[in-house]
There are 2 protein chains.
Amino acid sequence: MNACDESVAAATERTRAARPSPPLAAEVPQQPLTQGNSLEGSSLDYWLLSRLRSMLGNPPVEFAMGNGARVGSDAAPVARVTFASRATLAFITADPWLRFGDAYSDGSVAIEGDLVSLLETVYRASGNGGKRASLMRRAADALRRTHTNTLTGSRDNIHHHYDIGNDFYALWLGSTMSYTCAYYPTPAATLDEAQFAKMDHVCRKLRLGAGESVVEAGCGWGTLALHMARQYGVRVRAFNISHEQIVYARERAAREGLAARVEYVEDDYRNIAGHYDAFVSVGMLEHVGLEHYPALGHVAHRCLGGRGRGLIHSIGRNRPAPMQPWIEKRIFPGAYPPSIAEMMRIFEPWDFSVLDVENLRLHYAQTLRHWLALYEVASERVRAMFDEKFVRMWRLYLAGSVAGFATGTLQLFQVVFAPGENNDIPWTRAHLYTR
Amino acid sequence: MNACDESVAAATERTRAARPSPPLAAEVPQQPLTQGNSLEGSSLDYWLLSRLRSMLGNPPVEFAMGNGARVGSDAAPVARVTFASRATLAFITADPWLRFGDAYSDGSVAIEGDLVSLLETVYRASGNGGKRASLMRRAADALRRTHTNTLTGSRDNIHHHYDIGNDFYALWLGSTMSYTCAYYPTPAATLDEAQFAKMDHVCRKLRLGAGESVVEAGCGWGTLALHMARQYGVRVRAFNISHEQIVYARERAAREGLAARVEYVEDDYRNIAGHYDAFVSVGMLEHVGLEHYPALGHVAHRCLGGRGRGLIHSIGRNRPAPMQPWIEKRIFPGAYPPSIAEMMRIFEPWDFSVLDVENLRLHYAQTLRHWLALYEVASERVRAMFDEKFVRMWRLYLAGSVAGFATGTLQLFQVVFAPGENNDIPWTRAHLYTR
């Protein structure tokens, strides 16, 4: 980001924190945002600000320069975005969906007002199709070519995100260390309650019974595998290519006396062998890559062999759309959230029957609000572990993800499936809700 | 079917009836089926019988000629299929998935044993992919070209099936006149209980509230529309291009004093106008045709306008596959059961969020068992209305449909959706199961 001016220091930013559902007033700076349209500053600055705002669908957001030029302050703006220099502004305007993130991270963009509300407003204004998608697609396509999920590529991509330190994730994931969408029986549930409820929801959808065997593809820090063994009496083989996570999971299993029933394997899902009663994968599909979906289905097919049942839980889309390019570049290389039709490429070649699809996007928005709140509480410790730029980068990622799920830009699909010829499937879904 | 020999009269067939889950023994004729392999009859007959059985995956079924030639009697066969002549056998062998139905209908094929069990056995043996699909595809493609669902084509296709007489359908659909998959809270529910439970399941999925407006695309005999108005206090506009059904539905609404709240419109779904809180379509999608899915989505999009919610209920497939060609030719011209990925062509262009997909295939197998049992009880009356050939044709259609759903050849998908930007969606699905 050499074109960026870092003159707007983080210290001058009046509001950093994005907390769950805050009253907007509490986040708005003392200085009123609405001061009427202004043509202060050069007409080039004004033109650039207008152009950027127009590219984003003219959201009710004030875009301003340090020198006083501003646009979008006529309606009551949700937030103010101030660019440190004309160079920053011009740089972002050339490719806002990729470059805003870096500019925010290095402090050359300052935000007054609630970050989540700002992002939700921009997402809603720019819509989910048309111009925004085509702008993002070009950038995303270029990135994806460098981030393919071959066996080696997957290791690099997963290492980039999941191996940055268990201590870091422990600061804001809650006690479960579950880094996937939780399930809130009511919106008032706590994060930990909702993560346990998610694990039970998954286990009930899989109708796990004592003595059965389960294989898990992509097990994170091993939480679900332990829960299944502890609460449902099953044996689990859980696969992951993140070394840090596997080490953590094994220690945890040993500490909890479950090492005999939960085996953590540091290997790629493509190398899973053996037969199992259930196949489960929660939050791995985002990293698989479309071209490997039939291979993932083949693994499930091999594992289940005409009986049993499976569940795949993944971030998704209403329709095919590129990954947000900044997120793909800085946070999740090689990641892609599929549409339902794209997910079917896993199941169709193997004649799997899809039994149940549940969209939990509002639950992921809530999960992310809880993570973001914990993250803000821990931000000084994150700064001590990394630096201010890292703090801002991850704040933007978490806040942007809240906005994505809250506005319907992102979805969360839980898909239950079974081999096509298997009639040992639940008669109804009532068992998920009656205990 | 001029190549068929009608010499095997229906009267010589020992077992006609297919009833829900009968003990096989009760359906098997007195004469034992297993008599050891036989090479009686000419070697050409034997070759044809073997070839046909091989094309169907060598199911444990005895294929026999009146002259004594038989194959498949070595293992305990599920049923015996006897061909009246070599001409019949040769004709069927050339295209079994299309021609068996006509030969069974005109009596030139006789079946001993339970018809549903026979068909399930053949479906399982022939598998859902590969050879069977490619055999069916050619025949189905040819038919579909003549049965396109243009505005006029749809009227012709719908008239063919739904306008053959309300009195006929009243004989076997139960008191609700619902001609779509029922929902059995338990497998022991009666047909009528399950049809009412289905209507409530749909209404709860749509979260209908008193005073709301609903548009229904393809309303059959109007049962669901009346139920929604009566039980949920909504106003309904219900569309159908079957004249017979619309007349029946209007009389029923008047008789039940609901004509002011339920309007039946004899028109194509493509002509639906106006704004509504909910869009519902139960059992129409099968007749829409893939190429018109985006148009159907456009109608829903126009009706809901960024708010509200919708439900589409349809027969489907695990993966794209041609319609069973005999069913398409004789029973449902222009019909096609889509895969989930194909269904997404309705939703993706309009940024609809799919919230919930439920597969109810075992419920449709049960519904069809109940219909078939009622149909057999009424078979003399059906014969009096039409003729023996019609009786056999519809028996085969109903029995084949039981087998299709029971073996996983056919699926039943209920899809709940909402405009992508609508956050007024159910927090969980618990409300469907807790009353």
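**From domains to helix packing**

In this predicted model, the centres of domain 1 of chain A and domain 2 of chain A, taken over C-alpha atoms, are separated by 33 Å. Domain 1 of chain A covers 18-143, and domain 2 of chain A covers 151-432.

Turning to how the two chains are arranged, chain B can be laid on chain A by a turn of 180 degrees combined with a shift of 0.0 Å along the axis, and the fit has an RMSD of 0.1 Å. That is the relation of a two-fold axis. Within chain B, the C-alpha nearest this axis belongs to B:A341, which lies 2.0 Å from it. Both copies use the same surface, since 100% of the contact residues of chain B recur in chain A.

Inside chain B, helix α15 (residues 361-377) packs with helix α17 (residues 388-406) at an angle of about 155 degrees, and the axes of these two helices are 8 Å apart. Because angles over 145 degrees count as roughly antiparallel, α15(B) and α17(B) are therefore described as roughly antiparallel to each other, and their crossing is left-handed. On the side of α15(B), the contact is made by B:R361, B:Y364, B:A365, B:L368, B:R369, B:W371, B:L372 and B:Y375, while α17(B) contributes B:W394, B:R395, B:L398, B:A399, B:S401, B:V402, B:F405 and B:A406. Sorted by class, the contact of α15(B) with α17(B) has 12 nonpolar residues, together with 1 polar and 3 charged residues.

Technical notes:
Residues are numbered from 1 along each chain as its sequence is written. Chains are lettered from A and ligands numbered from 1 in the order in which they are written. This is a predicted model: local features need pLDDT of at least 70, side-chain atom pairs count only at pLDDT 80 or more; totals for chains, interfaces and linings use all residues. Copies are superposed by least squares on the C-alpha atoms of residues with pLDDT of at least 70 in both. Two residues are in contact if their C-beta atoms, placed from the backbone, lie within 7 Å. Axes are lines fitted to C-alpha atoms, for helices over the stretch in contact, and angles run from 0 to 180 degrees between N-to-C directions. Helices (H or I, at least four residues) and strands (E, at least two) are DSSP runs, numbered from the N terminus. Angles under 35 degrees count as roughly parallel, over 145 as roughly antiparallel, 65 to 115 as roughly perpendicular and the rest as oblique. A crossing is left-handed if the near helix is turned anticlockwise from the far one by less than a right angle, and right-handed if clockwise. Ala, Val, Leu, Ile, Met, Phe, Trp, Tyr, Cys and Pro count as nonpolar, Asp, Glu, Lys and Arg as charged, and the others, Gly among them, as polar. Domain bounds come from an automatic or database domain assignment.
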